[in-house]
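Let's take a walk through this structure together. Have the sequence and the 3D view ready, and follow along as we go.

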Amino acid sequence: MMNLILMGPPGAGKGTQSKLLSERFLISQVSTGDILRANVKDKTPLGQEAREYMNRGALVPDKLVLEMVVERLSRGNCSNGFILDGFPRNVPQAEALDGMLKEGKKGIDAVIGIEVEKRELIRRLSGRRVCRTCAAAYHVMFNPPVNIDTCDKCGKELYQRDDDKEETVDARLKVYDSETVPVVEYYRSRGLYMAVNGIGSVDQITEAIVKAIGKGRGHT
Ligand code: AP5
Ligand code: MG
């Protein structure tokens, strides 16, 4: 049983790493971005409301996101543990998460922040391709799929996210600085936050995260 939070700016590798970590530790990956995109794709009421915020790089209102997270964390497959990717993204969400966990008598074992500088983030986002079906992420140069428009894992179509356009990327990076950086401080002051260098191969970064989790758990 292990509950983790993976933080980091847009393009840092949260999705890439949390998929690998969820397979390694047999815990559920909970990506608020992936859940929201699935709702947009299926044109659910939530998706229709969230779409406009996502396309301009703004945060989707807390009320919608929190309802979604409460529902997701209450599912049976999270009882073994979970890894949160893209949540919490502002201090009110972090406080709400604390409330949810307290109610379920659960805690967070570690908060890992993947650190990558802005120029590299822009390179990663501009070349990203994502699977419409399983949400696996590729990069045209750094992590190319075998066939340029097909997912290696499930064989379905790859696409470029609407919010990976240059203007939207800029807005997302600003929102990260103003809304999400305070969450780093929130967890640092509680002794849970550990930074990991996000530059290197995908495997090197996974190992650095696993090492950091080990250290963090040793302290508790
Ligand atoms: P979300 O989907 O969470 O997007 P994000 O935080 O902007 O992060 P990304 O998914 O863009 O990046 P990532 O860190 O997952 O990187 P990845 O592994 O793909 O959120 C999208 C939107 O949804 C938000 O703007 C907001 O509107 C809404 N939303 C979501 N959660 C919300 C919340 N809690 N509250 C309110 N609104 C919310 O990697 C990026 C690229 O780099 C890929 O191409 C990958 O192949 C490549 N790459 C990965 N690792 C490496 C490496 N080591 N070296 C080189 N390339 C690499
Ligand atoms: Mg992601």
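Helices here are DSSP runs of H or I with at least four residues, strands are DSSP runs of E with at least two, and both are numbered from the N terminus. What you're looking at is a predicted model, in which local features need pLDDT of at least 70, side-chain atom pairs count only at pLDDT 80 or more, and totals for chains, interfaces and linings use all residues. Residues are numbered from 1 along each chain as its sequence is written, chains are lettered from A and ligands numbered from 1 in the order in which they are written, and side-chain values use heavy atoms, with hydrogens and water left out.

Let's start with the bigger sheet of our tour, an open one. Its five strands come in the order S2-S3-S1-S4-S8, with parallel pairing; two strands pair if DSSP finds at least two bridges between them. At the edges stand S2 (28–31) and S8 (193–197), each with a single partner strand, so one side of each has no neighbour in the sheet. On average, neighbouring strands in this sheet are turned by 25° against each other, direction ignored. (Axes are lines fitted to C-alpha atoms, for helices over the stretch in contact, and angles run from 0 to 180 degrees between N-to-C directions.)

Now look at S1 (residues 2–7) and S4 (residues 110–115), which run parallel and are joined by four bridges. Leu6 sits opposite Ile112 in S4. Two helices pack on this sheet, where contact means heavy atoms within 4.5 Å. Helix H4 (residues 62–73) touches S2 and S3 (81–85), and its direction makes about 170° with that of S2. Helix H7 (residues 166–188) touches S1, S4 and S8, at about 140° to the direction of S1.

There's a second open sheet, with three strands in the order S6-S5-S7 and antiparallel pairing. Here S6 and S7 (158–159) are the edge strands, each pairing on one side only. Strand S5 (residues 128–131) is linked to S7 by two bridges, and Val130 has Tyr159 in S7 as its bridge partner.

Next stop: the ligand. Which residues come nearest to ligand 1? Of the 36 residues around ligand 1, those are Thr16, Ala58, Arg89, Arg128 and Arg172, where a residue counts as near if one of its heavy atoms lies within 4 Å. The shell divides into 16 nonpolar, twelve polar and eight charged residues; Ala, Val, Leu, Ile, Met, Phe, Trp, Tyr, Cys and Pro count as nonpolar, Asp, Glu, Lys and Arg as charged, and the others, Gly among them, as polar. H2 gives the most to this shell, with four residues.

Zoom in on the oxygen atoms of ligand 1. Polar side-chain atoms of Thr16 and Arg172 each lie 2.6 Å from one, while for Arg161 the distance is 2.9 Å. All this goes with a well-covered ligand: taken alone, ligand 1 exposes 1000 Å², and the protein buries 96% of that (accessible areas come from the Shrake-Rupley method with a 1.4 Å probe).

Finally, two backbone details. Phe87 and Pro88 are joined by a cis peptide bond, with omega about -5°, and Pro88 is in the loop between S3 and helix H5 (91–103). Lys43, a residue other than glycine, has a positive phi near 55°.

Terms used
Polar contact = N/O pair within 3.5 Å; in protein donor to acceptor, adjacent residues only side chain to side chain.
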